[in-house]
Amino acid sequence: MEKYLEFKNVKKSFPGVMALKGVSFRADAGRVMALLGENGAGKSTLLKVMSGDLQPEEGEIIISGESKKFASPRDAIDTGISVIYQERQSVPELSVMENVFSGDLPLTKLGFIDKKKMREETQKIIDKFDLPIHPSDKVGMLSVAHQQMVEIMKSYRRNSEIIAFDEPTSSLADHEVVKLFELIRELKKEGKIILYVSHRMAEIFEICDDIVVFKDGAHVKDFDAHSVKEDELISAMVGRDIGDVFSTLSRNTKFGDVLLEAKGMGSSKIHNISFQLRAGEVIGFAGLVGAGRTETVRALFGADKLTEGEIYLEGKKVIFKSPADAIREGIAFCPEDRKAQGLILHSTVRENISVPVLKKIRGGSVFLNRAEEKKLADTAVEKYSIKTPTIEKKCVELSGGNQQKVILGRWTSEKMPVKVLILDEPTKGIDVGTKAEIYQTICNFAKEGIGIIFISSELPEVLGISDRLYVMREGHITGCLDRNEATEESILTLAMSDTDNQNGGEGK
Ligand SMILES: Nc1ncnc2c1ncn2[C@@H]1O[C@H](COP(=O)(O)OP(=O)(O)OP(=O)(O)O)[C@@H](O)[C@H]1O
Ligand SMILES: [Mg+2]
């Protein structure tokens, strides 16, 4: 019998928003189907309906001709559906094989857990996909990428026919993405039905066969991934042509004096880091994941202890014992991991945006100036097009990309004079249209004289936005490139080479 997955008129609403407005489409076996759409378009909601996490108000899910209803996630799993998210799902305290068999432990005739069988079967899957994992590794000790592999092994062991990925690469290094794609190709060869959600266009073109585009909870268009052009996809998603994002940016062209300087800075993970940032300048930090970019800005921000070197702000030596010291001096930091480090998920959009300026809004009074707080949140919602019915919505209920925008929204306030803005992977999980708006907002900050430090693993992005680029490898700066001399090749050479190259660029 022909295998397929079909959604028919699936509807799902939340208070104040219709997340799915009657979605219908079909995905076939042995193919990878991309779900594409702006932040809040309904992609994750559809996957949650499919995995039994959410109950639709209307509509059907049909698998190979049979209409299915999932009362619980367990139901969906038993029907052969697995969804792999970017966040960790495995149990960190358990071993790889215990996770792979979780909910379904094999027993011996005497009723003991059959460890031998677990180990053997797990090893078989490891060998099949050629994974750098051991059955008895503790999952909590594995990297994010390897934990994700455990999830995939789990779905493979259960013999899931339908495997969906929701932004699986957002925390992976390039070589880890290569491995993930090998796995997906293998699953495809076995005739699985695969759904793939990502905002990264290059990935869609590389791994997907079919594309469905979502807009505001509706399925608007289908494309053949092998023949469609990127700008066709973008205009289907955003409903307009956004052109070449970087060439149309209105950039700052005049830089001021050196605002921030690091001299021989080091922490437990980085060594001898020296760089300069001028007022109104955007400097980028490029490098492979694990090169020490986040550690560099953490050390700068007082989040990690400096073991060597000095930091100068406006020519004056500063010592930040904690992030609070850095914030007081006008350094703002948007961290990479929005859930762990940034966002208070169960608080509202309004509360999350006003966090850094609470003291200022109070102005010494014990009462909060509600009107002021509301104005701040409204401005941020507009500036970053945060998609939320009201500022009173809890952040946990926003789509992934919109949560990221709330973090950025914290740094819009006039109440908080920011001198240096540090952005660590600020566009992770953000759709193309909003990305363009965020780049312009960053350039506008620069025009006001703010110095920007921008970290990104996406080369075209860090190339497009930065006035100067520092490249890191293994905890060191291996070179500095000026905007006009930097190319993807020159960055990659510095990111991977053994030899230091400190020439080029003004800031050393
Ligand atoms: N648990 C929830 N409670 C209330 N509203 C929700 C909840 N989950 C999602 N929504 C809303 O449903 C809409 C669709 O969200 P969804 O997470 O499906 O978007 P998405 O396409 O995955 O976006 P992104 O690319 O940003 O991850 C959004 O407006 C979101 O705020
Ligand atoms: Mg999502």
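The legends below describe an overall view and several close-up views of a predicted model.

**View 1. The whole protein chain of the predicted model, with 18 helices and 20 strands.**
The C-alpha trace of the protein chain spans about 70 × 50 × 50 Å along its principal axes. For 508 residues, a compact globule would be expected to have a radius of gyration near 23 Å, and the 24 Å computed for the protein chain agrees with that expectation. Of these 508 residues, 53% count as buried, while the exposed area of the protein chain comes to about 22400 Å², 50% of which is supplied by carbon and sulfur atoms. Among contacts in the protein chain with a separation of 6 or more, residues 24 or more positions apart account for 66%.

**View 2. Strand β17 (residues 420-424) and the strands that pair with it on the basis of parallel bridges.**
Because five of the five residues of β17 are buried, this strand is largely enclosed by the rest of the structure. In a regular strand the side chains alternate between the two faces of the sheet. In β17, Val420, Ile422 and Asp424 point one way and Leu421 and Leu423 point the other way, and all are buried. Strand β16 (residues 331-334) pairs with β17 in the parallel sense over four bridges, and within this pairing Val420 is the bridge partner of Ile331. Strand β18 (residues 451-455) also runs parallel to β17, to which it is joined by five bridges, and here Asp424 stands opposite Ile455 of β18.

**View 3. Strand β14 (residues 308-313) with its antiparallel partners β11 and β15.**
Strand β11 (residues 258-266) pairs with β14 in the antiparallel sense over five bridges, with Leu313 of β14 as the bridge partner of Leu260. Strand β15 (residues 316-318) likewise runs antiparallel to β14, through three bridges, and in this pairing Val318 of β15 is the bridge partner of Ile311. The strands β14 and β15 form a hairpin with two residues between them, and Glu314, which lies in the turn, has a positive phi of about 50°.

**View 4. Aromatic ring pairs around Phe285, drawn from the ten aromatic pairs counted in the model.**
The rings of Phe275 and Phe285 have their centres 5.2 Å apart and their planes at 80°, and the pair is therefore edge-to-face. Since Phe275 lies in strand β12 (residues 273-278) and Phe285 in strand β13 (residues 282-287), this pair ties together parts that are ten residues apart in sequence. Phe275 is buried, with a relative accessible area of 1%, and Phe285 also counts as buried, at 0% relative accessibility. A further pair is made by the rings of Phe285 and Tyr470, whose centres are 5.6 Å apart and whose planes lie at 20°, so this pair is stacked. Because Phe285 belongs to strand β13 and Tyr470 to strand β19 (residues 468-473), the stacked pair ties together parts that are 185 residues apart in sequence. Tyr470 is itself buried, with a relative accessible area of 0%.

**View 5. A cluster of phenylalanine rings and two charged side chains placed over rings.**
Phe7, Phe25 and Phe214 are linked into a cluster by ring pairs. The charged end of Arg26 sits over the ring of Tyr4, at 3.9 Å from the centre of that ring. The charged end of Lys128 sits over the ring of Phe129, in this case 5.5 Å from the ring centre.

**View 6. The surroundings of Arg31 in strand β3 (residues 31-37).**
Arg31 is partly exposed, with a relative accessible area of 32%. Leaving aside neighbours within four places in sequence, the residues in contact with Arg31 are Lys188, Lys192, Ile193, Ile194, Asp209 and Asp210. Asp431 lies 400 residues from Arg31 along the chain, and the C-alpha atoms of these two residues are separated by 24 Å.

**View 7. Asn484 in the loop between β20 (476-482) and α18 (488-496).**
Asn484 is exposed, because the relative accessible area of this residue, 71%, lies over the 50% cut-off. The C-alpha atom of Asn484 is separated by 8.7 Å from that of Arg468, a residue 16 positions away along the chain.

Methods:
Residues are numbered from 1 along each chain as its sequence is written. Chains are lettered from A and ligands numbered from 1 in the order in which they are written. Side-chain values use heavy atoms; hydrogens and water are left out. Buried means under 20% relative accessible area, exposed over 50%, partly exposed in between (1.4 Å probe, protein chains only). Rings of Phe, Tyr and Trp (its six-membered ring) pair if their centres lie within 6.5 Å; planes under 30 degrees apart count as stacked, over 60 as edge-to-face and the rest as tilted. A charge sits over a ring if NZ of Lys or CZ of Arg is within 6 Å of the ring centre and within 35 degrees of the ring normal. The radius of gyration is taken over C-alpha atoms; the globule rule is 2.2 Å times the number of residues to the power 0.38. Contact means heavy atoms within 4.5 Å. Accessible areas come from the Shrake-Rupley method with a 1.4 Å probe; for residues, only the protein chains shown count as cover. Two strands pair if DSSP finds at least two bridges between them.
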